[in-house]
Amino acid sequence: MTWTDEELVARTISGDADSFNQLVLRWERPIYALAYRTIGREEDARDVCQETFLRAFRALPGFRGQAKFSSWLYRIALNLCRDWSRRERRAPVVQAPEGVDLMDLAAAAEPSESIEDLVARKDLTRAVERAMALLPEEQRTAIVLKEYHGLTFQEIADLVGCPLSTVKTRLYQGLTVLRRELAKNTKALL
Amino acid sequence: MTESSCGYSGDREEALVAHVYNDGDPVAREAFDAHLAQCVRCRDELDALRGVRAQLGQWAPPEAGFAVISPGRQSWWRDVPAWAQVAAALLFLGVSAGIANLDVRYDANGLSVRTGWSKPAAPAPVARSAPSAPGEGTAAPWRADLAALERQLKNELRATQVSAAEGAPAPHAVSASDADLVRRVRALLDVSEKRQQRELALRVAEVLRDVNSQRQADLVKIDRSLGAVQNNLGVEVMKQRQSLNLLYRASQRQ
C-alpha cells in the first residue's frame with residue numbers, strides 16, 4: 001500500500017520508524033538534486049541532504065501540517081544551503097573536475113549516443129552549470145525550484161517568504177541572464 | 001506592432017514567465033495570448049525563454065551514489081541499553097568460543113590457546129554423581145560452568161523432593177530421577193548447541209554472501225570505469241581527427 005507523505009508523517013510521529021524510512025527513500029533524490037543545483041558541490045550536497053533528513057526527523061513532532069511535507073523539507077534544505085553559502089563565503093562552483101565530469105557522462109551515456117553527441121551534451125551541461133553559478137542566490141533558488149522541482153509560483157513564494165510577483169520577477173531576470181550567458185557559449189562553440 | 005515596441009498593458013515580465021511555465025491566472029494568460037498574436041517582440045522573447053528552458057533540462061546532477069542513513073533505521077539498536085549491548089556481545093563471544101572448541105590454559109608451560117574442530121570434547125559420563133575437576137573430561141570452560149549449574153539444579157531438586165515426601169525415598173528412585181534429569185538437561189544442551197552451530201554457519205554464510213556481492217559490485221564498477229576511459233580516449237581521438245581534418249583542409253586551400 002502506498003501511503004501519502006502526510007500519512008507517513010503521522011505514522012512516524014506515532015512511533016513507526018519505518019514510515020520515516022519510506023519518506024527518506026521517496027525524497028532523498030529530489031533533496032540531493034536541490035542541494036547540488038543550489039550549492040554545486042557533490043560532497044556538500046550529500047551532507048546537506050543527510051542533515052536535512054536528520055533535522056526533519058528531530059523536528060517532525062512539531063510539524064503541524066500547515067504546509068505540505070515536501071515544502072517543509074525543501075525549506076529545511078534551502079536553509080541549510082543558505083547556511084552553507086554564508087559559511088563558505090563563496091559563490092557556488094558547479095563545475096566538476098574535467099576528468100570526473102567526462103567519466104560520469106561517458107558512464108551514463110547510452111550505447112546509441114555518439115561521441116559527438118556526448119561532447120555536445122557535456123559542453124552544454126558545463127555551460128548551464130557556469131551560467132547558473134553566475135546567478136544571485138535568490139534567482140538561482142527560484143529557477144531550481146520551478147525548473148527542476150515543478151513548484152508553483154505560489155509554493156515558491158511561500159517557501160522563500162516573498163511576494164508572488166517577486167518570484168516571477170526573479171524567474172524572469174534569472175532566465176534572461178541564463179539566455180545571455182548560454183548564447184555566449186553557443187557563439188564560442190561556433 | 002514592431003519588434004522594438006510592445007504595448008502590453010500589464011506586467012510584461014510576469015506575463016512572459018507565467019506563459020513560459022504555464023502557471024498563473026488563466027484569464028491573464030488568455031489576454032497575453034491575444035497580445036502575442038500581434039507582438040513579434042514578445043513572441044521572440046517567449047521562444048528564447050523556451051529555448052533556455054530546453055537547455056536547462058540538460059543539466060542533471062551527478063548520481064548521488066549513496067543512501068541517506070535514516071535516523072529511523074538505526075533507532076532500534078540505539079534504543080537497546082548499553083548494558084544489554086555489552087551482554088549481547090559477551091554472549092556472542094562466549095558462544096563463538098564454545099562452538100570453536102576454544103581452550104585457554106595457563107600452566108607451567110605458559111599460556112596456551114587452542115581452537116578448532118580437530119579436538120572434539122570428550123563425552124562426559126551420562127550419570128555422573130560427583131563433580132569433575134576443572135578441565136577434567138571437558139575441554140571448554142563453559143562446560144565446567146554448565147556442570148556446576150547442573151549440580152546445583154540437581155541438589156535443589158533433590159532437596160525439594162525430600163521435603164515434599166517427608167520421608168527418605170528409596171535410593172534407587174532418586175538415582176533414576178537424577179539420571180532422567182541429566183538426560184533431559186543434556187538433550188536440551190545438545191539442541192542448544194546445534195542451534196548455535198546453525199546460527200554461526202548462517203552468519204558465516206551471510207558474511208561470505210556480502211563479501212561476494214561487494215566483489216561483484218567492485219567488478220562492475222571497474223568495468224564501467226574502463227568503459228568510461230575508453231570513451232574518454234575516443235573523445236580525444238575524435239578531437240585529434242578533427243584537428244587533422246582542419247589542418248588538412250587549410251593546407252588544401254593554400
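Helices and strands are taken here as DSSP runs, of at least four residues for a helix and at least two for a strand, numbered from the N terminus. On that basis, the elements of chain B run α-α-α-α-α-β-β-α-α from the N terminus on, which comes to seven helices and two strands. The model is a predicted one, and it scores ipTM 0.72 and pTM 0.51.

Chain A has nine helices and zero strands, so in the DSSP sense of a strand its order from the N terminus on is simply α-α-α-α-α-α-α-α-α. Of its 190 residues, 36% count as buried. In chain B, buried residues make up 8% of the 254 residues. The contacts between residues at least 6 apart in sequence can be set out for each chain in turn. In chain A, 65% of these contacts join residues at least 24 apart. For chain B, the share of such contacts that join residues at least 24 apart is 52%.

Two helix pairs of chain A can be followed in detail. The pair α3 (residues 42-59) and α4 (residues 69-88) of chain A packs at an angle of about 130 degrees, with the axes 9 Å apart. How are these two helices oriented to each other, given that angles over 145 degrees count as roughly antiparallel and 65 to 115 as roughly perpendicular? An angle of about 130 degrees falls in neither range, and α3(A) and α4(A) are therefore oblique to each other. Their crossing is right-handed. On the α3(A) side the contact is made by D44(A), V48(A), E51(A), T52(A), R55(A) and A56(A). The residues from α4(A) are L73(A), I76(A), A77(A), L80(A), C81(A) and W84(A). By class, the contact of α3(A) with α4(A) has eight nonpolar, one polar and three charged residues.

The other pair joins α2 (residues 17-39) to α7 (residues 137-148) of chain A. These helices pack at an angle of about 145 degrees, and their axes lie 10 Å apart. The crossing of α2(A) and α7(A) is right-handed. From α2(A), the residues A33(A), L34(A), R37(A) and T38(A) take part, and they meet R140(A), T141(A), V144(A) and Y148(A) in α7(A). The residues of this contact divide into four nonpolar, two polar and two charged.

In chain B, one loop residue calls for a remark on its backbone. N22(B) lies in the loop between α1 (12-21) and α2 (26-36) of chain B. Most residues other than glycine have a negative phi. N22(B), although not a glycine, has a positive phi of about 50 degrees. Is this residue buried or exposed? A residue counts as exposed if 12 or fewer other C-beta atoms lie within 10 Å of its own; N22(B) has 7 within that distance, and is therefore exposed.

The confidence of the prediction bears on how chain B is read. Its mean pLDDT is 72, and 59% of its residues reach 70 or more. Over residues 118-138 of chain B the pLDDT is below 50, and this stretch has 24 contacts in the model beyond near neighbours in sequence. Residues 167-171 of chain B also have a pLDDT below 50. Beyond near neighbours in sequence, the stretch 167-171 of chain B has two contacts in the model.

Conventions:
Residues are numbered from 1 along each chain as its sequence is written. Chains are lettered from A and ligands numbered from 1 in the order in which they are written. This is a predicted model: local features need pLDDT of at least 70, side-chain atom pairs count only at pLDDT 80 or more; totals for chains, interfaces and linings use all residues. A residue is buried if 20 or more other C-beta atoms lie within 10 Å of its own, exposed if 12 or fewer, and partly exposed in between; C-beta atoms are placed from the backbone. Axes are lines fitted to C-alpha atoms, for helices over the stretch in contact, and angles run from 0 to 180 degrees between N-to-C directions. A crossing is left-handed if the near helix is turned anticlockwise from the far one by less than a right angle, and right-handed if clockwise. Two residues are in contact if their C-beta atoms, placed from the backbone, lie within 7 Å. Ala, Val, Leu, Ile, Met, Phe, Trp, Tyr, Cys and Pro count as nonpolar, Asp, Glu, Lys and Arg as charged, and the others, Gly among them, as polar. Angles under 35 degrees count as roughly parallel, over 145 as roughly antiparallel, 65 to 115 as roughly perpendicular and the rest as oblique. pLDDT is the predictor's confidence in each residue, from 0 to 100.
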